[in-house]
Amino acid sequence: MTITHRVLHPKPIGSIDEYIRHLAGGQGLERARALDPWDVIDIVESSGLRGRGGAGFPTGRKWRTVRENLSTSLPATVVVNAAEGEPGTFKDRTILRRNPYHVLEGALIAAHVCEAAQVVVALKRSFETEVARMRAAVDEVKDAGWAGAVDVIVFEGPDAYLYGEETALLETLDGRLPFPRISPPFRRGVTEVVETSVDVSSGSGLSAHVEMAGPDHETSAPPALIDNVETLANVPRIIERGAEWFRSEGTHQSPGTIVCTITGEVERPDVGEVMLGTTLRQAIEEIGGGPKPGREIVAVLPGVSAAMVPAAALDTPLTYEDMAAIGSGLGSGSYYVIDDSVDAVAAIAGVSRFLAIESCGQCTPCKVDGLALADLLARVARSDAT
């Protein structure tokens, strides 16, 4: 068995007291606050933890960059990206339902590192179960004294796919529609410091602000540190137990575990946690029960943001480097299984249409060419192509 339970606990943790009693809750935060922020960054960097939201960016490097770009006049903000919108992905919501406390503890460790005055947990307002669970957990964390002077809030955003993109999420927190920015979060975070002619209260207007903020620029906007739910859930134990403990599972280049969502034509669609280095075939079998009786897997879709994995590549290890080597990606660990009863071309046409519709449209080629590609694939699916 390759199933593990570092981040995704087998049963829900019902209270912060249970988290403290059974999972040493709070010890990572206590140790972090006893350390210099740069030492905490060193531990996270040494662990090799990478973002579990899809991009796989090294977490320690992100934290270091934010720390190096702190504003001299305004505090930074930590944002928990819980706006899970990748089709076929349910791992962040499952983590929050099972144990929201280690996510909040990880966020408060991040707040210590970047001297943040606020932690924002950003969910979609349609995630009613997770919103209620997180609001209750935030109250418990505050009552336990963990937050200290840090203001921890829950923000309910729109259902748009774009809301999950980190700069678009910041636009939403600042009162505008979820359109991606040019300025990265370590240059401009939540707090707006530039002049605007847009009526943000109306919710209209594009993200036209392109001024870069930071030490080398005229504006002094504070940065935001944005991390995915699963990423932050790993942090408390890394700080409590050390980088080498984290590296005791997974591979040298891709240490740790990943929480996967297995859906599509399988026996039991489900969410489970496996060690990085587990093959895609093993994850499908152990989490989803394998293909349905009498059927063969033809291909697997890793969400909608990476290339389809053909059946011949099912024994590829789930690592950042191995998935990239076959021309796909690890992504957010969502795998939609297509068997020989499904029209794979129709599935790809649907994915293409989704991406074209959800494109922000701020640059013409992405929107217009995306729609053209979607229409061409739809014609192929109808056997109507030349």
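Here is a short conversation about a predicted model of a protein chain.

Visitor: What pLDDT does the chain average?
Guide: Happy to start there! Of the residues, 92% score at least 70. Over residues 196-208, though, the pLDDT is below 50, and beyond near neighbours in sequence this stretch has 19 contacts in the model. The chain averages a pLDDT of 92.

Visitor: How many disulfides are there?
Guide: Let's take C366 as an example. A disulfide needs two cysteine sulfur atoms within 2.5 Å. For C366, the nearest cysteine sulfur belongs to C363 and is 5.1 Å away, and C366 is in no disulfide. By this rule, the count of disulfides is 0.

Visitor: Is C260 buried or exposed?
Guide: Good one to check with a number. Buried means under 20% relative accessible area. C260 has a relative accessible area of 0%, so C260 is buried.

Visitor: And what about C366, which class does its relative accessible area give?
Guide: The class between buried and exposed runs from 20% to 50%. C366 has a relative accessible area of 44%, so C366 is partly exposed.

Visitor: Which strand is joined to β7 by 4 bridges?
Guide: First, meet β7 itself: it covers residues 297-301, and 4 of its 5 residues are buried. One of the bridge pairs puts A299 with I338. The two strands run antiparallel, and the partner, at residues 334-339, is β9.

Visitor: Which residue in β8 stands opposite V300?
Guide: Strand β8 spans residues 309-310. β7 and β8 pair over 2 bridges in the antiparallel sense. Opposite V300 stands V309.

How values were computed:
Residues are numbered from 1 along each chain as its sequence is written. This is a predicted model: local features need pLDDT of at least 70, side-chain atom pairs count only at pLDDT 80 or more; totals for chains, interfaces and linings use all residues. Side-chain values use heavy atoms; hydrogens and water are left out. pLDDT is the predictor's confidence in each residue, from 0 to 100. Contact means heavy atoms within 4.5 Å. Buried means under 20% relative accessible area, exposed over 50%, partly exposed in between (1.4 Å probe, protein chains only). Two strands pair if DSSP finds at least two bridges between them.
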